[in-house]
Every structure is written in C-alpha cells, then in structure tokens.
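Welcome! Take a moment to turn the model around and get a feel for the chain, and then we can walk through it together.

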Amino acid sequence: PLSLQAGDPGLKLQNDLSGSAGFQFTDVKKALSFSVRLNGSYTFNYIASQRILFLEETYLPQYDYTARKGAQFSTQTNVGGCYKLGGSADFSQQIASLRSTVSATIGYDFQQTPYFLDETLCHSGRHALSFRAGFESGFSSKVKLNIRSNTSMSSYTTQKETAQELREQLTARVDLRFGKYFGSVGTLYEFYCNSRSHALTRHNVILNASAGRKFGKENRLGLSAGVIDILNRPDYASTVFETDYMRTSSISYLGRYGYLRVAYTF
C-alpha cells in the first residue's frame with residue numbers, strides 16, 4: 001500500500017528522429033587522416049516517470065482509492081521532447097622520422113531530459129567533454145611502445161543541484177621480443193574526482209607484467225607467465241547520471257593475481 005503504481009491508457013509511443021553528418025580527409029602520401037562528425041537526436045512523446053509522495057492521507061478520485069500517509073504514487077506520462085547533440089574530431093598522423101603514429105580525438109555531447117519533481121515538469125542537462133591522445137611506435141620490431149591518454153569531464157544539472165566529475169586515464173605498454181623470448185609491461189594511472197563526494201577521489205596505479213618463450217618448430221608453441229595488478233590497487237569509482245538524480249559508487253575488483261598461459265599456433 002505504500003508503493004502505488006498506475007498505468008496511462010492514453011500513453012503514446014515514443015518516436016526518435018536522429019541524424020548525423022561527417023567529413024573525412026585522407027592524405028596517403030603524408031599518412032595523415034582527419035575527420036569531423038556531428039550527430040543529434042530528438043525524441044517525440046518522451047515518456048517520463050512521475051512520482052508523488054503523499055505527506056498525509058489523500059483520496060484519488062480518478063482511481064477511487066485513498067493513499068496512505070507516506071505512500072509513493074508512480075505513473076508515466078508523455079511530455080515534451082528529449083534531445084541530444086554531439087560532435088567529434090579525429091586526427092592521425094604518421095611521423096616518418098620516428099616511424100611512429102600519433103593520434104588525437106576531441107568530443108562533446110549534450111543531452112537534455114525532461115523529468116518530474118513531484119508534479120512540476122523540469123529538465124536535466126548533461127555536458128560531456130572528452131579528449132584522447134595516443135602514440136604508437138614503429139621504429140623497432142623488437143621494442144613496441146604504446147601510450148594513451150583519455151580525459152573526460154562531465155557536468156550534470158537538475159532542478160536542485162549541479163555536479164561535475166573528472167576522470168583522467170594514462171596507459172603505457174612496452175612489448176619486447178628478442179628471438180624466442182618475449183615479454184610486456186603495462187601500467188595504468190587513473191585519477192578520478194567529483195564535486196559531490198571528495199572522499200571518492202582516486203589516484204590508482206595498476207601495473208601488469210608478463211614474460212614467456214617460444215618453442216618447437218617454427219616457434220609454434222608459446223609458454224608465458226604474468227602478474228595482473230602487481231601493486232594490488234583494484235579500487236574504482238564512478239558517477240552515474242540518471243534522468244533526475246545522480247549515483248556515485250565505489251567498486252573493488254579481484255585485485256592482484258598471476259596466470260600461466262600455453263598457446264599453440266596451427
């Protein structure tokens with residue numbers, strides 16, 4: 001009796017209209033690639049959930065029912081449209097002097113979503129800006145270096161508050177191959193913070209390593225051993241933006257472990 005739900009016989013189905021446009025340029029001689037993409041969508045007859053909390057006993061004539069004090073009543077109704085806008089730009093260039101490739105991507109997205117606060121129709125807005133950069137070496141067949149950076153910033157606004165979050169991830173990996181011997185070392189540095197909970201600020205460093213050897217005719221058999229998360233830092237935090245509220249959580253993963261791998265190439 002404290003959790004009431006009702007349907008809406010006149011509810012209309014949502015209809016989505018979306019579109020995108022893009023431009024791509026490639027220069028084969030210079031090993032250069034550039035592209036821009038824009039996208040957007042609009043939802044007609046957007047279905048929003050409406051929740052009403054009764055602070056006292058209330059009679060609902062349309063249902064011939066009396067809601068108890070403290071009961072929450074939930075229903076759905078069509079409201080004005082929900083829309084999304086976004087765009088991104090990508091760049092990739094091979095540097096001949098280093099025989100390596102650099103790349104970069106920048107993207108922006110905005111979403112406005114209608115929601116109800118009691119019986120008042122409101123709108124939430126989310127801005128998201130991201131930037132990615134990378135470097136991949138090609139100057140040696142024995143040593144491969146790969147570095148990636150991913151920065152994302154988000155701002156979320158409802159009727160009552162505004163929240164921001166920032167996440168930075170920097171990954172680096174070195175692959176080694178000398179004759180029949182091979183190995184790799186990879187690391188991830190992650191910084192995370194949000195304006196709602198400073199206790200969830202994170203500085204994580206994850207370190208992985210492996211080593212192995214090839215055997216047999218044409219080196220078809222491979223044996224290797226490795227350790228994941230050597231520093232044992234499995235903590236992770238994130239903020240989830242729902243239609244009318246935000247949820248921040250912290251998750252712990254498996255943590256440090258080792259493995260043995262046997263591989264055969266047919």
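Let's begin with the overall form of this predicted model. The chain has a radius of gyration of 26 Å, whereas a compact globule of 266 residues would have one near 18 Å. You can follow that in the dimensions too: along its principal axes, the C-alpha trace spans about 85 × 45 × 40 Å.

What is the chain built from, in terms of helices and strands? It holds 18 strands and zero helices. As for how distant parts of the sequence meet, take the contacts with a separation of 6 or more: 55% of them join residues that are 24 or more positions apart.

Now look at the surface. About 17,000 Å² of the chain is exposed, and carbon and sulfur atoms supply 56% of that area. Turning inward, 25% of the 266 residues count as buried. Charge is worth a glance as well: there are 29 positive and 21 negative side chains, and the centres of these two sets lie 17 Å apart.

Finally, let's visit two cysteines. A disulfide is a covalent bond between the sulfur atoms of two cysteines. How many disulfides does the count give here? The count comes to zero. Why does Cys-82 have no such bond? The closest cysteine sulfur belongs to Cys-122, and because it is 15 Å from the sulfur of Cys-82, the two are too far apart for a bond. Cys-122, likewise, is in no disulfide. Both residues are hidden from view: Cys-82 is buried, with a relative accessible area of 5%, and Cys-122 is buried too, at 3%.

Technical notes
Residues numbered from 1 in each chain as written. Predicted model: local features only at pLDDT ≥ 70, side-chain atom pairs only at ≥ 80, totals over all residues. Heavy atoms only, no water. Helix = DSSP H or I, 4+ residues; strand = E, 2+ residues; numbered from the N terminus. Rg over C-alpha atoms; globule rule 2.2 N^0.38 Å. Buried < 20%, exposed > 50% of the residue type's maximum accessible area, 1.4 Å probe, protein only. Contact = heavy atoms within 4.5 Å. Areas by Shrake-Rupley, 256 points an atom, 1.4 Å probe, with all protein chains shown as cover. Lys, Arg positive; Asp, Glu negative; His and termini not counted. Charge placed at Lys NZ, Arg CZ, Asp CG, Glu CD. Disulfide = S-S within 2.5 Å.
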